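Colleague: Thanks for making time for this one. Could we go through the model together, one question at a time?

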Amino acid sequence: MSDQSFEVAVLGGGCFWCVEAVFIEIAGIISVTSGYSGGHKVNPTYYEVCSERTGHAEVVKLEFDPGRITFPEILEVFFATHDPTTLNRQGADRGARYRSVILYATESQKEQAVSFIKALDASGTENGPVVTQVAPFEAFYPAEREHQLFYRNNPGSMYCQIVISPKVAKVRQKFSSKLR
């Protein structure tokens with residue numbers, strides 16, 4: 001299968017280590033790259049993004065096979081594994097770089113994201129209104145090497161054990177039919 005049949009999704013749901021670890025588990029996801037997007041600084045560093053002066057969020061860029069997983073299925077996993085009702089915060093991680101964001105690559109993705117959020121709000125299953133930002137994808141800057149595959153490379157770190165492992169366990173249980 002050629003790369004031209006794959007699509008891209010860019011999502012931010014708190015620390016990119018968490019989002020990356022979740023989507024690595026999912027069938028149909030071809031690649032997951034942690035990085036920065038949604039801001040104004042070209043090719044920012046981790047420390048620049050942490051300064052909150054670049055406008056970027058920590059995100060993951062997913063390359064996926066739409067014949068194996070749809071964008072709405074990706075959104076289902078995304079919303080099940082972070083709190084989309086907290087503005088610029090996920091757990092103890094605070095700041096705009098941790099915002100819940102969908103950076104759509106196509107008008108179809110935009111429509112599907114907006115529709116998904118409306119349905120989620122209408123369902124009343126969340127702890128309040130969804131504050132996930134839906135914005136056009138403009139540029140993506142890969143994070144430094146030490147941020148790639150962080151969970152896989154650092155399973156013994158306290159952050160991985162306390163924050164990421166429960167999310168991965170939830171995905172394995174709730175989305176067992178979607179796993180690799």
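Colleague: How are α3 and α4 oriented to each other?

Modeller: Keep in mind that this is a predicted model. The axes of α3 (residues 71–80) and α4 (residues 107–123) come within 10 Å and cross at roughly 45°. An angle under 35 degrees would count as roughly parallel, and 65 to 115 as roughly perpendicular. The crossing fits neither class, and the two helices are therefore oblique.

Colleague: Which residues of α4 does α3 meet?

Modeller: On the α3 side, the contact is made by F71, P72, L75, E76 and F79. By class, the residues of this contact are eight nonpolar, two polar and one charged. Their partners in α4 are Q109, Q112, A113, F116, I117 and L120.

Colleague: Which residues of α3 are buried?

Modeller: Happy to list them. Helix α3 is mostly covered, with seven of its ten residues buried. Those residues are F71, I74, L75, V77, F78, F79 and A80.

Colleague: What is the handedness of the crossing of α1 and α6?

Modeller: Helix α6 covers residues 158–174, and it packs against α1 at an angle of about 35°, with the axes 9 Å apart. W17, C18, A21 and V22 of α1 touch Y159, V163, I164, K167, V168 and V171 of α6. As for the handedness, this crossing is right-handed.

Colleague: How many residues of the contact of α1 with α6 are nonpolar, polar and charged?

Modeller: Lysine counts as charged, and K167 of α6 is part of the contact. The full division is nine nonpolar, no polar and one charged.

Colleague: Which residues touch the most other members of the largest nonpolar core?

Modeller: That core holds 43 residues. Its largest share, eight residues, comes from helix α1 (residues 16–24). The residues that touch the most other members are F23, I29, L62 and I102.

Colleague: Which residues does I29 touch, leaving aside those up to four places away in sequence?

Modeller: I29 belongs to the largest nonpolar core. Among its contacts are E63 and R180, and both of these count as charged. The complete set is F23, L62, E63, F64, I69, I74 and R180.

Colleague: How many residues are in the second, separate core?

Modeller: This core includes V10, V101, L103 and A135. Its total is seven residues.

Colleague: Why does K118 count as exposed?

Modeller: K118 lies in helix α4. Its C-alpha atom is separated by 25 Å from that of I29, 89 residues apart along the chain. The cut-off for exposed is over 50% relative accessible area. K118 passes it because its relative accessibility is 58%.

Colleague: What is unusual about phi in E52, and is this residue buried or partly exposed?

Modeller: Most residues other than glycine have a negative phi. For E52, phi is near 70°, a positive value, and the residue lies in the loop between α2 (46–50) and β3 (57–64). With a relative accessibility of 35%, E52 counts as partly exposed.

Colleague: And where is L149, and what is its relative accessible area?

Modeller: L149 sits in the loop between β8 (140–142) and α5 (150–153). Its phi is positive as well, at about 50°, although it is not a glycine. L149 is partly exposed, and its relative accessible area is 32%.

How values were computed
Residues numbered from 1 in each chain as written. Predicted model: local features only at pLDDT ≥ 70, side-chain atom pairs only at ≥ 80, totals over all residues. Heavy atoms only, no water. Core = buried A, V, L, I, M, F, W, Y, C linked by side-chain atoms within 4.5 Å. Buried < 20%, exposed > 50% of the residue type's maximum accessible area, 1.4 Å probe, protein only. Helix = DSSP H or I, 4+ residues; strand = E, 2+ residues; numbered from the N terminus. Contact = heavy atoms within 4.5 Å. Axes fitted to C-alpha atoms, helices over the stretch in contact; angles between N-to-C directions. Parallel < 35°, antiparallel > 145°, perpendicular 65-115°, else oblique. Left-handed = near helix turned anticlockwise from the far one by under 90°.
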